[in-house]
Every structure is written in structure tokens, then in C-alpha cells.
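This report describes the fold and the charged side-chain pairs of the chain shown below. The sheet and its helices come before the salt bridges and a single strand residue.

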Amino acid sequence: MTTVGTDVVRRLFAAYLAQDEAAARELVGDDLRFTSPQDDHIDRSAYFERCFPTAGRVARQDLLQVVEAEPGLVLVRYEYELRTGGVFQNMEAITVRDGRVVEVQVYFGGPPRP
């Protein structure tokens with residue numbers, strides 16, 4: 001079953017892969033906080049400057065699970081392959097409020113099990 005939160009997250013992942021910044025900006029709240037092992041609670045401006053333009057390094061990306069764990073909290077597990085080689089899996093905890101992403105916490109994983 002698709003919920004508003006999971007739909008927003010799926011659309012944001014699609015905008016990232018397509019590098020459709022205008023669509024992504026419509027889905028990301030002005031008060032965004034983005035955290036990953038490489039970024040510590042960066043704001044919306046820094047996200048679009050540093051993180052959003054990186055899709056060119058991705059050869060493919062598959063969303064394996066997109067579930068709303070509780071109202072407004074979407075958990076995503078995905079697998080991606082880099083153009084330079086290597087397949088990895090990551091997870092993200094994404095908070096959606098009023099139809100917009102307001103927080104992203106990225107957890108880097110390793111290669112999938114054989």
C-alpha cells in the first residue's frame with residue numbers, strides 16, 4: 001500500500017536519479033536537515049549543493065523496501081551500483097511533513113550478501 005509519505009519519498013528518489021532539481025525542490029521542505037556519515041545535519045541549501053548532484057556516479061538504483069514505519073517516518077532500503085564498479089546497499093530514515101521531506105538520515109551499508 002502506498003501512503004502519502006512513501007509516495008513523496010519515491011518521487012524524491014526519482015527526481016534525484018533524473019537530476020530534476022526543480023521537482024526535488026518541490027518535495028523538500030525549507031527546513032530540511034540531512035545527515036549521513038559524510039554530512040552532519042546540513043541544511044537544504046547545502047544538500048542541493050553537495051548531495052543532490054551526485055547521481056551521475058550511479059549506474060543503477062533499486063528501491064528494495066519503502067515503508068512508512070509510523071506516520072510521517074518512511075524507511076527506505078535501496079541497492080545501487082556505481083559507474084566505477086561496486087554494488088552497495090544503504091538505508092534511510094526520512095521524515096515527511098505536510099507532503100515535504102524535512103529530515104533525512106542516511107546509513108551507509110556494504111555490498112549485498114551473495
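## Helices across the sheet

Which strands does helix α1 (residues 4–18) lie across, and at about what angle to β3 does it run? In this predicted model, helix α1 lies across β1, β3, β4, β5 (87–97) and β6, and its direction is at about 165° to that of β3.

Helix α3, formed by residues 44–51, lies across β1, β2 and β6. The angle between helix α3 and β1 is about 60°.

## Strand order and pairing

The strands that these helices cross belong to an open sheet of 6 strands, arranged in the order β2-β1-β6-β5-β4-β3 and with mixed pairing. The edge strands are β2 (39–42) and β3, each of which pairs on one side only. From one strand to the next, the twist averages 20°.

Within this order, strand β1 (residues 28–36) pairs with strand β6 (residues 100–108) in the parallel sense, over 4 bridges. In this pair, V28 stands opposite V101 in β6. Strand β3 (residues 58–70) and strand β4 (residues 73–82), by contrast, run antiparallel and are joined by 10 bridges, with Q65 standing opposite R77 in β4. The hairpin of β3 and β4 has 2 residues between the strands, and in this hairpin G72 takes a positive phi near 85°.

## Salt bridges within and between elements

The count of salt bridges comes to 8. Side chains of opposite charge can pair when their charged atoms come close. One of these pairs joins the side chains of E21 and R25, with an N to O distance of 2.7 Å. Both residues belong to helix α2 (residues 21–27), and because they are 4 residues apart there, about one helical turn separates them. E21 counts as partly exposed at 32% relative accessibility, and R25 likewise counts as partly exposed, at 32%.

A salt bridge is also formed by R44 and D30, whose closest N and O atoms are 3.9 Å apart, a distance that is within the 4 Å cut-off for such a pair. R44 lies in helix α3 and D30 in strand β1, so this pair ties together parts that are 14 residues apart in sequence. The two partners fall into separate accessibility classes: R44 is buried, with a relative accessible area of 15%, whereas D30 counts as exposed at 63% relative accessibility.

## A charged network and a buried glutamine

The side chains of D62 and R60 meet in a salt bridge with an N to O distance of 2.4 Å. Salt bridges that share partners join R60 and D62 with E79 and E81 into one network. D62 counts as partly exposed at 34% relative accessibility, and R60 is also classed as partly exposed, at 28%.

Is Q61, a residue of strand β3, buried or exposed? Q61 counts as buried, because its relative accessibility of 15% falls under the 20% limit for that class. In a regular strand the side chains alternate between the two faces of the sheet. When neighbours within four places in sequence are left aside, Q61 is in contact with F13, Y16, L17, Y78, E79 and Y80. Of these contact partners, E79 is also one of the residues in the salt-bridge network with R60 and D62.

Methods. Residues numbered from 1 in each chain as written. Predicted model: local features only at pLDDT ≥ 70, side-chain atom pairs only at ≥ 80, totals over all residues. Heavy atoms only, no water. Pairing = 2+ DSSP bridges. Axes fitted to C-alpha atoms, helices over the stretch in contact; angles between N-to-C directions. Contact = heavy atoms within 4.5 Å. Buried < 20%, exposed > 50% of the residue type's maximum accessible area, 1.4 Å probe, protein only.
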